[in-house]
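Got the viewer open? Switch to a cartoon view, keep the selection box handy, and let's walk through this one stop at a time.

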Amino acid sequence: MEEKKLGLKSVISVSVGLVIATSCLVSLGQGAGTIGVIFIAAMVMACLLNMTTIASLSELNALMPNTTGGLAQYTLASMGPFPTLISMVGGYLLCNVLSSGVEASIFAYAMEQTFHLPIPRLVYTIVMSVILMVANLKGVDMFAKIQDWVAYLLVGSMALMGLIGALGLGTGQEVHQPYVMASDFSSVISMTAVAFWLFIGAEYAIPISKEVKNAKRNVPLGMMLGLVIICIVQSILVLGFHNYTDWGELADSAAPHLLYGVNLLGQPGMIWMAFVAALAVISSQNSGIQGLSSICQGMAKMNMMPQCFARTNKNGVPYIGVWFVSIAIMIFAVASNGSADAISFMILVGSVFWMISYILAHIDVIILRRRLPKAPRSFKSPGGIILQIIGIIGTVYMVLNISTDPAERHAIWILTAAVFAVLAVYAFFWIRYKMKIPVFKSVPLEKVMAMENSMYYLIRRRRGLCK
C-alpha cells in the first residue's frame, strides 16, 4: 500500500492557503474601513458560520472517504445529478477559477504599483500561472512542499505586519481616529456578508484527504485550526489598520494591503506587502489548481465531465484538469485587469456561487442522516442537525445581503440566476443524453462510491448504458 504523504500541517496550510488571499485583504480593508475595529465581531460570526460548513463537509467526507469529487459525489448521492452538475460547475469550478483569476489580477496590480518596471501586468499573471501549473504537474510532493512553506510565510508575514501596527511600532505617522465607526448591531450584522469571504475555501483540504495520514482526525481538525488561525491573524491586521490607515482611505482602496504597508513602514513596507501579495497568489492559486483538478477528475469518473479530465500523468496528476484550470484562471485575470470595481464585483459574484454550494452541503448532511442513519461515519457533526440549520439560515442571509449597494446586489442576483439558468439547460441534456440516467433521481451511495473505479464506466459503455 502506498504511504500517505501529508500530515496535519499540510491540511492547515491548504486550508489557510486558499482562504488567505489578496482578495481577502481587499474585503478586510473594506469591512474595517466601513465600521472600524468592530468589524472583528463580524469576522468572528462569519468564521463560526463557516465552521458549520466545515463540520458538514467533514461528516460527508467521513461517510464517503477518499472520493476525488468531494461535494459532487455527496450531492449526487443525496439529491441526484441535476443539482450536482449545476452546483459543481457553477458553485465550485466557475467561482473558484474566477476568484483565482482575480487573485492573479490583484497580484499583477501590486507588482506594477510597487516596482514600476516596464512590464505589462499580463506578464506577471502568465509567469506566475505557468510556474504553479508546472509545479502541480509534478505531483503531490511538490504541491505540499510549496504549500507548506508559502502558507506559513504568508501567515507569519501578515501576523508580524499586524503586530507592528497594533503595537504602534511602525516608522510612519500614526493616525488618530475612533475605534468604532458604527456600533449598532444591524451595521455589524450587515458586514458579516463581507467578512464571510475572508473564510471561504478552507474545505479544499477535503479533495486531498486520500493523501492525508489519519485523515479522519487531521482533515476536520486541520480545517478548523486553519479558520481559527485566519481569524486571529486578520483581527491583528485590523488593529494595525486602526493605528496607521485612515478608515475612509482604507475602505476606498483597491489595494488596502499596499496602502497599509506604505503608511506603516514607508517604501519597505510597501515592498513587504507586495511580497505578501505574491505569497497570497501562490498559496491560493496553488491550492485552487490542485483542488479543482481533483474535483474535475472525480466528476469525470462520474461521467459528469469529459473523460479526459480523469487521465493522469506519470506522477498520478490529472494533468488535463491542471491545464484547464490554469488557463481559465489566466482568462479571468485578464477580464478583471486590475480594475477595482471589476475586482470587487467579481469577488461578490464568486462568493454567491460558493455560498450556494455551502447550502447544498448542509442539505446533503440532513438528507443522508435521514436516509442512512446507521451508516458508519468516523466523524459526525454534533448537535443533531442544529449546525446544518444554522448554516443554511446564516448563508441564505449572506446571499440576500451580499452588497450594501442595492443596484450592485440586484446585478449580482441577476447574473447568478442567468448563469444557473444556462447551467440548468446544459445539465439536463448532459445527464439525459450523455450519462443516460434519471435527471432528478439520487444515486445510491454504494453506486457513487463504485464510480471511483475506472472500470465502472468502461463496463457501462460496453453495455451501451452511457456514451
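Start by selecting helix α12, residues 256-265, where eight of the 10 residues are buried, so the helix is mostly covered (buried means under 20% relative accessible area, exposed over 50%, partly exposed in between, with a 1.4 Å probe and protein chains only). Show side chains for the buried set: Pro256, His257, Leu258, Leu259, Tyr260, Gly261, Leu264 and Leu265. Then step just past the end of α12 to Gly266, whose phi is positive at about 75°.

A word on what you're looking at: this is a predicted model, where local features need pLDDT of at least 70, side-chain atom pairs count only at pLDDT 80 or more, and totals for chains, interfaces and linings use all residues. Residues are numbered from 1 along each chain as its sequence is written, and side-chain values use heavy atoms, with hydrogens and water left out.

Now zoom out to the whole chain. You should find 19 helices and zero strands (DSSP runs numbered from the N terminus: H or I of at least four residues for helices, E of at least two for strands). Of the 467 residues, 60% are buried. Take the contacts (heavy atoms within 4.5 Å) between residues at least 6 apart in sequence: 82% of them join residues at least 24 apart.

For one long-range pair, select Ala328 and Leu98. They sit 230 residues apart in sequence, yet their C-alpha atoms are 8.1 Å apart. Ala328 belongs to helix α14, residues 319-336, and is buried at 12% relative accessible area.

Next, isolate two helices: α3 (residues 39-63) and α16 (residues 386-400). Their axes, which are lines fitted to C-alpha atoms over the stretch in contact, are 9 Å apart and meet at about 130°, on a scale from 0 to 180 degrees between N-to-C directions. That makes the pair oblique, because angles under 35 degrees count as roughly parallel, over 145 as roughly antiparallel, 65 to 115 as roughly perpendicular and the rest as oblique. The crossing is left-handed (the near helix is turned anticlockwise from the far one by less than a right angle; clockwise would be right-handed). To see who touches whom, show Leu49, Thr52, Ala55 and Ser56 on α3, with Leu387, Gln388, Ile390, Gly391, Gly394, Thr395 and Met398 on α16. Color these by type and you get five nonpolar, six polar and no charged residues (Ala, Val, Leu, Ile, Met, Phe, Trp, Tyr, Cys and Pro count as nonpolar, Asp, Glu, Lys and Arg as charged, and the others, Gly among them, as polar).

Which backbone oxygen does the side chain of Asn243 reach? Select Asn243 in helix α10, residues 215-244, and you'll see its side chain 2.8 Å from the backbone oxygen of Gly165. Asn243 is buried, at 11% relative accessible area. Beyond its neighbours within four places in sequence, Asn243 also touches residues including Ala166, Gln173 and Val175.

Last stop: two loop residues. Most residues other than glycine have a negative phi. His116 has a positive one, near 50°. Look for His116 in the loop between α5 (81-115) and α6 (121-137), exposed at 62% relative accessibility. Then jump to Lys436, with a positive phi of about 55°. Lys436 is in the loop between α17 (406-435) and α18 (445-450), and is partly exposed at 40% relative accessible area.

Key. A polar contact is a pair of N or O atoms within 3.5 Å; within protein, one must be able to donate a hydrogen and the other to accept it, and residues adjacent in sequence count only if both atoms are side-chain atoms.
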